[in-house]
Amino acid sequence: MSQFEEGLARCPANHRPLTPLSFLERCAWIYRTKPAVIHGERRMLYPELYARCRRLASALSSCGVRPGDTVSVLAPNTPPMLEAHFGVPMAGAVLNTINVRLDARTIAHILDHSEAKVFITDLEFSAAASEALALASVKPLVIDIDDPIGGVPGERLGTTEYEAFLQQGDPEFPMTEPRDEWQPIALNYTSGTTGNPKGVVYHHRGAYLSGLCNPMMMEMTPETVYLWTLPMFHCNGWCFTWGVTAVGGTHVCLRRFEPAAVFDLIRRHRVTHLCGAPIILNSLANAPEASSVRFDHPVRLATGGAAPPSRVIAAMEPMNFRVIHLYGLTETFGPATVCAWQTEWDGLDLEGRAQKSARQGVHSPSLTDVRVANPDTLEPVPADGETIGEILLRGHTIMRGYLKNPGASEEALGKGWFRTGDLGVLHPDGYVEIKDRSKDIIISGGENISSVELEEVLYKHPCVLEAAVVARPDEKWGETPCAFVCLKQGKSASAEEIIRFCRDNLAHYKIPRTIVFEELPKTATGKVQKHLLRDKARTF
Ligand code: ADP
């Protein structure tokens with residue numbers, strides 16, 4: 001027996017299950033006078049947030065919610081949504097946040113598939129919620145949120161309103177610590193852009209580690225004031241619901257994203273951090289008031305969810321936004337890699353800095369490895385910045401698997417790595433750069449063409465607001481690139497001009513053969529729905 005075994009056993013004093021619920025308890029003890037949440041004119045201190053979460057856990061338990069039951073929530077970024085992130089798992093239950101822009105049929109599918117016992121729904125979405133409840137086979141207990149601050153009137157669907165429900169609960173309710181850190185904490189359905197949504201199961205351990213590591217990647221401190229521009233329903237707000245609470249920062253709620261409101265809230269509350277898909281950056285940069293905005297303090301803005309064109313990153317700097325580029329999937333609790341900044345990049349010009357930042361980067365401390373690999377052998381590709389391979393991840397913040405879908409779970413996790421389905425290259429400095437999703441890559445005359453590379457060039461055209469490139473079937477080449485372009489307001493450019501611009505900036509075989517001018521269809525999280533564009537490109 002090793003000298004490090006006797007009398008050195010694991011015991012309840014030195015080994016407890018990791019859970020992000022402990023962050024809130026700690027903050028309530030330390031930050032007794034500090035705002036945990038700002039919502040309009042309302043400020044909620046940490047002890048109050050803690051008490052409300054315990055009330056929620058208590059009220060849910062009294063209604064028969066048991067460990068392992070699902071509680072679904074359809075709500076924007078307001079206090080009840082944040083409270084659900086603590087209150088639901090404090091009762092031992094699993095939080096299922098639902099994308100508010102989904103159609104009733106998909107919401108019904110999620111309620112049924114997750115076997116929701118309780119459905120908490122904001123009145124703003126009561127039309128979709130009511131239709132979904134009519135379509136669903138499950139009959140959950142329905143709780144309506146009637147938000148007095150900026151809420152939108154709608155039909156009440158249940159017998160209890162959220163505030164009244166909280167009043168039924170005990171503010172001293174003893175939180176149920178998970179027996180095991182592997183216990184499920186959240187169930188997040190992937191957005192379904194690629195078929196029926198799959199239910200991704202998160203564990204307490206991963207939520208705890210993401211909750212600690214994500215704030216590290218964004219340099220958060222107890223002074224952090226975090227503005228909720230990223231939906232909390234998307235990967236639990238990339239786990240910042242737990243992460244901002246981990247550092248004892250302040251959550252600033254936001255029911256609806258609107259650039260003028262965002263600029264105003266940043267100034268009013270001295271917001272230090274926010275997150276959003278590149279579309280959020282683009283709409284801030286192109287807002288009418290953007291040219292006159294320059295904050296007198298740096299605002300860290302993490303982006304991810306889609307590849308941010310370097311032009312969009314560069315446009316944020318003059319306003320005093322410091323862009324941090326993250327990459328991840330629902331399956332990885334949100335952020336899995338970060339384009340970690342190197343001090344020597346400080347000396348580059350704006351364009352050079354933006355180009356560095358546009359890469360997806362290196363793995364988060366909550367993962368152990370990222371690999372760019374041959375998709376058949378899983379052997380690493382050379383770090384030459386050119387050889388394309390599939391991005392593989394492994395570590396502590398990978399999902400348990402897909403709910404009731406062992407086949408898909410095995411496919412995603414079975415070979416010792418989580419397979420992202422994203423294609424990228426590894427640069428000689430160890431940074432990963434995404435070239436495409438495997439299903440989005442364009443194969444023309446046997447050559448791989450990265451839609452991301454083409455989009456990067458199109459975004460540089462001065463008249464282009466947004467662009468997306470997909471494959472269009474072609475008899476001779478197999479596929480050719482087809483570009484969908486949305487021009488900036490008041491600007492005009494012909495297809496020939498755009499093609500000429502591409503010819504000046506790209507190898508000839510990569511030039512889009514077709515240019516279509518139109519608004520781009522997007523998912524609720526700001527991702528372009530390329531499958532719709534691909535379908536359309538087939539009809540030309
Ligand atoms: P869904 O797959 O349902 O759209 P996810 O949020 O899980 O929802 O999407 C993850 C995908 O988003 C990744 O597989 C990748 O293709 C894309 N993605 C995420 N972050 C980035 C990024 N920083 N750069 C490029 N693509 C990204």
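**A walk through the predicted model**

Arg 270 has a relative accessibility of 44%, so Arg 270 counts as partly exposed. This is a predicted model, and Arg 270 is our way into it. The residue sits in the loop that links helix H10 (259–269) to strand S12 (273–276). Its backbone deserves a look. Arg 270 is not a glycine, yet its phi is positive, at about 45°.

Asn 236 has a positive phi as well, about 55°, and Asn 236 is not a glycine either. The setting is another matter. Asn 236 belongs to helix H8 (residues 235–238). Is Asn 236 buried or exposed? Its relative accessible area is 0%, so Asn 236 is buried.

Asn 236 leads on to Thr 241. Asn 236 is one of the residues that Thr 241 touches, once residues up to four places away in sequence are set aside. The others on that list are Leu 82, His 85, Phe 86, Trp 228, Met 232 and His 251. Thr 241 lies in helix H9 (residues 240–247). Its relative accessibility is 0%, so Thr 241 counts as buried.

Helix H9 runs over residues 240–247, and Phe 240 brings us to the nonpolar interior. The largest nonpolar core holds 106 residues. Which residues have the most contacts inside this core? They are Leu 49, Leu 111 and Phe 240. Helix H2 (residues 46–62) is the element that gives the most to the core, with eight residues. In soluble globular proteins, nonpolar side chains tend to be buried together.

Take Leu 49 and list what it touches, leaving out residues up to four places away in sequence. The partners are Leu 24, Ala 36, Val 37, Met 44, Leu 82 and Glu 83. Leu 82 also appears among the contacts of Thr 241. Another core lies apart from the largest one. This other core has 49 residues, including Val 312, Ile 313, Ala 493 and Ile 515.

Helix H2 also carries serines. Ser 58 lies in H2, and Ser 61 is found there too. Ser 58 has 7% relative accessibility, so Ser 58 counts as buried. Ser 61, at 17%, counts as buried too; the cut-off is under 20%. Where do the contacts of Ser 58 lie, leaving aside neighbours within four places in sequence? They are Gly 169, Asp 170 and Phe 173. The pair Ser 58 and Gly 169 is 111 residues apart in sequence, but the two C-alpha atoms are 4.9 Å apart in space. With the same neighbours left aside, Ser 61 is in contact with Arg 66, Ala 91 and Phe 173. Phe 173 thus turns up in the contacts of Ser 58 and of Ser 61.

Next to Gly 169 in sequence comes Gln 168. Gln 168 is placed in the loop between helix H6 (162–167) and strand S8 (184–189). At 52% relative accessibility, Gln 168 counts as exposed. Now look far along the chain. Gln 168 and Glu 453 are 285 residues apart in sequence, and 56 Å separates their C-alpha atoms.

Back to helices. Two packed helices are described by the angle between their axes and the distance between the axes. For helix H1 (residues 21–30) and helix H7 (residues 204–217), the axes come within 9 Å and cross at roughly 50°. H1 and H7 are therefore oblique to each other. On the H1 side, Leu 21, Ser 22 and Phe 23 make the contact. On the H7 side, the residues are His 204, Tyr 208, Gly 211 and Leu 212. By class, this contact has four nonpolar residues, three polar ones and no charged ones.

The cysteines come last. How many disulfides does a search of the whole structure find? It finds zero. A disulfide needs two cysteine sulfur atoms within 2.5 Å. The closest cysteine sulfur to that of Cys 253 is in Cys 53, 12 Å away, which is too far for a bond. For Cys 275, the closest cysteine sulfur is in Cys 239, at 11 Å, again too far for a bond. Cys 253 has a relative accessible area of 6%, so Cys 253 is buried. Cys 275 is at 0%, so Cys 275 is buried too.

How values were computed:
Residues are numbered from 1 along each chain as its sequence is written. This is a predicted model: local features need pLDDT of at least 70, side-chain atom pairs count only at pLDDT 80 or more; totals for chains, interfaces and linings use all residues. Side-chain values use heavy atoms; hydrogens and water are left out. Axes are lines fitted to C-alpha atoms, for helices over the stretch in contact, and angles run from 0 to 180 degrees between N-to-C directions. Helices (H or I, at least four residues) and strands (E, at least two) are DSSP runs, numbered from the N terminus. Angles under 35 degrees count as roughly parallel, over 145 as roughly antiparallel, 65 to 115 as roughly perpendicular and the rest as oblique. Contact means heavy atoms within 4.5 Å. Ala, Val, Leu, Ile, Met, Phe, Trp, Tyr, Cys and Pro count as nonpolar, Asp, Glu, Lys and Arg as charged, and the others, Gly among them, as polar. Buried means under 20% relative accessible area, exposed over 50%, partly exposed in between (1.4 Å probe, protein chains only). A nonpolar core is a set of buried Ala, Val, Leu, Ile, Met, Phe, Trp, Tyr and Cys residues joined through side-chain atoms within 4.5 Å.
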